[in-house]
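User: Could you teach me how to read a structure, one feature at a time?

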Amino acid sequence: MKSKLYYVLYLLYAIVVAFVLYLNGVFTGEEISVVNLSINVGFLLVIGVVFIISSVSFGRLNRVIYDLEDATIRLQKEYKEAGRKNLWGNYKNNDKVFEEEALQDAFDKYRLRIKGSMTRRGGSNCDLGEYINEDLLDRAGMNYFNSGVSGTLTGLGILGTFLGLSMGMGAFSGDDIFSISDNVGSLLSGMKVAFHTSVYGIFFSLVFNVVYRSLMSDAYDVLHEFLDAFRQTAQPTALKEDENAATMLVYQAGMANSLKQMLELLKGNAMEQTAGVERIVEKFTSQMEKALEADFKKLGSVLKSAGESQAASAAGAAEMVEAVTALVEVNRSVQEALANVMERQEVFAGELMEQKKMLADMCSDMSDEISSQIYTFEQMRNLYEK
């Protein structure tokens, strides 16, 4: 059975330990390298501790699996004995459905959920798979730990490889062929450690991965079988359609009877109520006419005066609109005149700038000419004086 498959780990572990001890000369009487043996034994002890922790979780997972299998068989048997009737009545108050505490706690939470959500017209749509599911199996099987064991074992093998190579290369030295040949033994000893740790680290990683995945796959299959059996035999359901129809008919009959009584009461008093309302309306109308006859006349004259005032206001508003329109036209004309003046000023400013530039150039030329004449005059005077 797959649930016992993890025992293979112990058998393989014992074989590997014996093989490593044999290679290190423990059983053959050869010279024993204490360093190599210590490293291998240390690595094997770490792997053994990891296997022990995993075995504890596998044992807990197996107990959960066995409990689910027993519950599945029990449900199917009781369902047949009850003539294929729903078994929820036998389990809704049962506090000992499972032997495992984790399963029973999950089932108790499910029962409380069902009790809290039951109504007079039906039941809850809650499924047991919300409480007993793959997450519960992962917690029982310590998935958070076992999922990383395979990588840890591979990492230990790689670590042993580098450790062995470091030992061999550290003891290897020499400048000529004779000294090098004397140190080959230490190099081979370190390589032996590297090779051995790599082999059994990767080997245990592969074997553990296969065992762990097989156990979890078997656990998931058992869980799905149990949930299918529970849904078929003991899943609480809502009221049947005929019960719902009967309830609705009773409710509709009660409503019809109440409406019938209300109609009878209204029918007997309808004529009297109508006559009374007509008398009240007639009296109210006559009193309103008497009381408000003079007021209505005043209201008419006031409304007429208000109309005439509004007509005058409308005429004034029209004149104001015309005045505003004329003002807008005058403003537009002023803006156009100002724009023309600004354009002319800009042209005039440009002409002034050009004239200023011309005057500056003429002054510069005149200054140059005067300077030239003065210089010529000075030269002529000097010649004359000589």
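Analyst: Happy to; we will go from the overall fold to single residues, and please keep in mind that this is a predicted model.

User: Let's begin with the fold: how many helices and strands are there in the protein?

Analyst: Counting the elements is a good start. This protein has 10 helices and zero strands, so the pattern along the sequence is simply α-α-α-α-α-α-α-α-α-α. Of its 386 residues, 27% count as buried.

User: How do I read the length of helix 2, and what follows that helix?

Analyst: Compare its span with the one expected at 1.5 Å a residue. Helix 2 covers residues 34-81, which is 48 residues. From first C-alpha to last it reaches 69 Å, close to the expected 70 Å. After helix 2 comes glycine 83, with a positive phi near 70°.

User: Is aspartate 365 buried or exposed?

Analyst: Here you need a cut-off: exposed means over 50% relative accessible area. Aspartate 365 has 51% relative accessibility, so this residue counts as exposed. You will find aspartate 365 in helix 10, residues 241-385. Together with Asp361, Asp368 and Glu369, Asp365 forms a negative surface patch.

User: And what about arginine 231, how accessible is that residue?

Analyst: The class between buried and exposed is called partly exposed. Arginine 231 belongs there, because its relative accessible area is 38%. The residue sits in helix 9, residues 184-233.

User: How far apart are arginine 231 and glycine 129, in sequence and in space?

Analyst: It helps to read both separations together. These two residues are 102 residues apart in sequence, while their C-alpha atoms are 9.6 Å apart in space.

Notes:
Residues are numbered from 1 along each chain as its sequence is written. This is a predicted model: local features need pLDDT of at least 70, side-chain atom pairs count only at pLDDT 80 or more; totals for chains, interfaces and linings use all residues. Side-chain values use heavy atoms; hydrogens and water are left out. Patches are made of residues with over 30% relative accessible area and no salt bridge: like charges are joined within 9 Å, nonpolar side chains (Val, Leu, Ile, Met, Phe, Trp, Tyr) within 5 Å. Accessible areas come from the Shrake-Rupley method with a 1.4 Å probe; for residues, only the protein chains shown count as cover. A salt bridge is a side-chain nitrogen of Lys or Arg within 4 Å of a carboxyl oxygen of Asp or Glu. Lys and Arg count as positive and Asp and Glu as negative; His and the chain ends are not counted. The place of a charge is taken as NZ of Lys, CZ of Arg, CG of Asp or CD of Glu. Helices (H or I, at least four residues) and strands (E, at least two) are DSSP runs, numbered from the N terminus. Buried means under 20% relative accessible area, exposed over 50%, partly exposed in between (1.4 Å probe, protein chains only). The expected span of a helix is 1.5 Å times one less than its number of residues.
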